[in-house]
Amino acid sequence: MRQHVNPLNRNFKVIEKIPPLIEMFGDSKLNLHLDIGCAAGQFLFDLALVNNSWNYLGIEIRERLVKTAKLKVQEGEIKNLYFIFGNANNILNDIQCKFIIENVKSISFNFPDPWFKKKHYKRRVIQPEFINIISNSLQKGSLILIKTDVKDLFDYMDGTISSNLNFKTIDKKDFNYSGSFNPNKVKTNREKYVMDNKLEIFERIYIKN
Ligand SMILES: C[S@@+](CC[C@H](N)C(=O)[O-])C[C@H]1O[C@@H](n2cnc3c(N)ncnc32)[C@H](O)[C@@H]1O
């Protein structure tokens, strides 16, 4: 399977039909967490099975991974987990998907593709316009969490989010994990690999003012 997909490919301009929350989840009133670039969704399966007071939504650009994840949700009859296929930027920029950002309590970007070459920076999922759109619809007190093992990408993402005046940083030591979408500090697949290889992880949490 292709590891890197160019998100700017025009095939991703057409987005799949996104159902309302009431059709995505058994109880659409639960707190909602969105994971962007969720790959096969293992992190979200691990979370959804343990924390049944949260709904989890994953967006992933590799279609085959999403198809398999959707099938697993169906087979497992998991009511608090839903996956969407496509480029998260196009999906969340779309006016008919505004309700997603309006309803999320938190959004994670875990180990996004770094796109190392400067000419490819525009393929990075975090972009100033994207953060602007998110910040306009996100409820006060909602969170964005970023994690990566690439320092240059961290600086870029941190600079982009911090330059939006609607967000301020929360110190990790003041963060209430037990009340969050991830009370047991479940790790993503990439995070486990990075930890096994003793690489450094750069992370930050932002709150909407
Ligand atoms: C390095 S992987 C990290 C996967 C997972 N979050 C983890 O921590 O193990 C980055 C993922 O983001 C997906 N991705 C990249 N750009 C995307 C975009 N614009 N929209 C949705 N998914 C994207 C990739 O296909 C890939 O699965």
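Me: Before we turn to single residues of this predicted model, what makes a residue buried, exposed or partly exposed?

Reply: A residue is buried if 20 or more other C-beta atoms lie within 10 Å of its own, exposed if 12 or fewer do, and partly exposed in between.

Me: Why is W115 called partly exposed?

Reply: W115 has 19 C-beta neighbours inside 10 Å, and since the buried class begins at 20 and the exposed class ends at 12, W115 counts as partly exposed. This residue is found in the loop between β4 and α6 (128–137), and its phi is positive, about 40 degrees, although W115 is not a glycine.

Me: What makes S106 buried or exposed?

Reply: There are 21 C-beta neighbours inside 10 Å of S106, so this serine counts as buried under the cut-off of 20 or more. S106 lies in strand β4 (residues 104–110), and, leaving aside neighbours within four places in sequence, S106 is in contact with H33, S142, L143, L145, S180 and F181.

Me: Why does K198 fall into the class it does?

Reply: K198 has 6 C-beta neighbours inside 10 Å, and the exposed class takes in residues with 12 or fewer, so K198 counts as exposed. K198 sits in the loop between α8 and β7 (202–208), and here too is a residue other than glycine with a positive phi, near 55 degrees.

Me: How do you know that the protein is as compact as a globular protein of its length?

Reply: The protein has eight helices and seven strands. Its radius of gyration is 16 Å, and because the globule rule gives 17 Å for 209 residues, a value close to it, the protein is as compact as a globular protein of that length. Buried residues make up 32% of the 209 residues.

Me: Which residues have the most contacts inside the largest nonpolar core?

Reply: That core has 44 residues, and those with the most contacts inside it are L34, L44, Y56, L81 and I144. Y56 touches H33, D35, L44, L47, A48, N80 and L81, when residues up to four places away in sequence are not counted.

Me: What makes up the shell around the ligand, by kind of residue and by element?

Reply: The shell divides into 11 nonpolar, six polar and five charged residues. β2 (54–60), α4 (88–93) and α8 (189–196) each supply at least two residues, and α8 gives the most, with three. Of the 22 residues around the ligand, G37, A39, A88, T188 and R190 come nearest.

Conventions. Residues numbered from 1 in each chain as written. Predicted model: local features only at pLDDT ≥ 70, side-chain atom pairs only at ≥ 80, totals over all residues. Near = placed C-beta within 6 Å. Helix = DSSP H or I, 4+ residues; strand = E, 2+ residues; numbered from the N terminus. Nonpolar A, V, L, I, M, F, W, Y, C, P; charged D, E, K, R; others polar. Rg over C-alpha atoms; globule rule 2.2 N^0.38 Å. Core = buried A, V, L, I, M, F, W, Y, C linked by C-beta atoms within 7 Å. Contact = placed C-beta atoms within 7 Å.
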